[in-house]
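Work through the exercises below with the sequence and the coordinates open beside you, and try each task before you read its solution.

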Amino acid sequence: MDFWDKRFNQKEYVFGKKPAAALVTHEELLIPQGETFVVADGEGRNSVYLAHKGFKVSATDYSSIAVEKAKKLAEEKNVNVNFKVEDIYNINLRDKKYDNVIGIFIQFIPPHQITSILKSLQRLTKIGGTLFIHGYTPEQVELGTGGPPNKQHMYTKAMLANIFSEGTVLVNREYHDHISEGTGHHGESALIDFVLQV
């Protein structure tokens, strides 16, 4: 059993069932009820929330165990989400474009691949659509309340501004907040929100 299957192979939802607070905060910047792609969504908390709010949602995760839990959550909330087991490194093979593309806490990507993966998410976003990235800044490593223990996996404002040099940046903000998202993310956290109109 691989790392992510092991992590998700429990009754409890590792990151809880509620969406990331930052997603709720910036929901108004998404294309309303648009076709929305949520990459590496784990147990489905963010995709199920968006489906409940009327978005037409497709979501992926590498872990088949996480996807099965996500399907159960969607059933529990009585919403439809098009779930698929898919490696994040294969998203560049997708031809379809979406009104909204969401990447939340995808900090497991090896540092040398971060730019190409984030650029792939931009390519999946329709012109005029919204790309939303939420994650940790390097300060998170000292806080130790979630995420990998490697600063090179984290984002900074300058880094994201450099990667996304095309399009209109609506939000690029680093901040600290106390989050409570299951056992996986809990406590004071060093966060970053980035919203791009493509």
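The exercises that follow concern a predicted model, and they take up its largest pocket, its nonpolar cores and a few single residues.

**Exercise 1. Describe the largest pocket by its volume, its lining and the elements that supply the lining.**

Solution. Begin with the volume, which comes to about 520 Å³ for the largest pocket. Next, list the lining, which consists of 28 residues, with Trp4, Phe15, Ala40, Phe105 and Phe108 lying nearest the centre of the pocket. Sorting the lining by class then gives 13 nonpolar, 8 polar and 7 charged residues. Finally, assign the lining to elements: at least two residues each are supplied by α1 (3-8), α3 (45-52) and β2 (56-61), and the largest share, 4 residues, comes from α1.

**Exercise 2. Identify the residues with the most contacts inside the largest nonpolar core, and trace the surroundings of Leu50.**

Solution. The largest nonpolar core has 31 residues, and those with the most contacts inside it are Leu23, Leu50, Val81, Phe83 and Ile102. Taking Leu50 from this group, and leaving aside its neighbours within four places in sequence, one finds contacts with Leu23, Leu30, Thr36, Val38, Phe55, Val57 and Ile102. A second core, separate from this one, has 24 residues, including Leu121, Leu124, Ile133 and Tyr155.

**Exercise 3. Is His153 buried or exposed, and which residues does it touch?**

Solution. First locate His153, which lies in the loop between α6 (140-143) and α7 (157-163). Its relative accessible area is 13%, and because buried means under 20%, His153 counts as buried. Then look for its partners: when residues up to four places away in sequence are not counted, His153 touches Gln107, Phe108, Ile109, Pro110, Pro111, Ile114 and Pro148. One of these partners, Phe108, also appears among the residues that lie nearest the centre of the largest pocket.

**Exercise 4. Find where Gln33 and Asn78 are placed, and state the phi value of each.**

Solution. Start with Gln33, whose place is in the loop between α2 (21-26) and β1 (35-39); its phi is near 55°, a positive value in a residue other than glycine. Turn then to Asn78, which is found in the loop between α4 (64-76) and β3 (81-85) and has a positive phi of about 60° although it, too, is not a glycine. As a last step, consider accessibility: the relative accessible area of Asn78 is 71%, and since exposed means over 50%, Asn78 counts as exposed.

Methods:
Residues numbered from 1 in each chain as written. Predicted model: local features only at pLDDT ≥ 70, side-chain atom pairs only at ≥ 80, totals over all residues. Heavy atoms only, no water. 1 Å grid on protein atoms, 1.4 Å probe; cavity = no way out; pocket = protein on both sides within 12 Å on 5 of 7 lines; lining within 4 Å. Points joined across faces, edges and corners; volume = space filled by probe spheres on them. Nonpolar A, V, L, I, M, F, W, Y, C, P; charged D, E, K, R; others polar. Core = buried A, V, L, I, M, F, W, Y, C linked by side-chain atoms within 4.5 Å. Buried < 20%, exposed > 50% of the residue type's maximum accessible area, 1.4 Å probe, protein only. Contact = heavy atoms within 4.5 Å.
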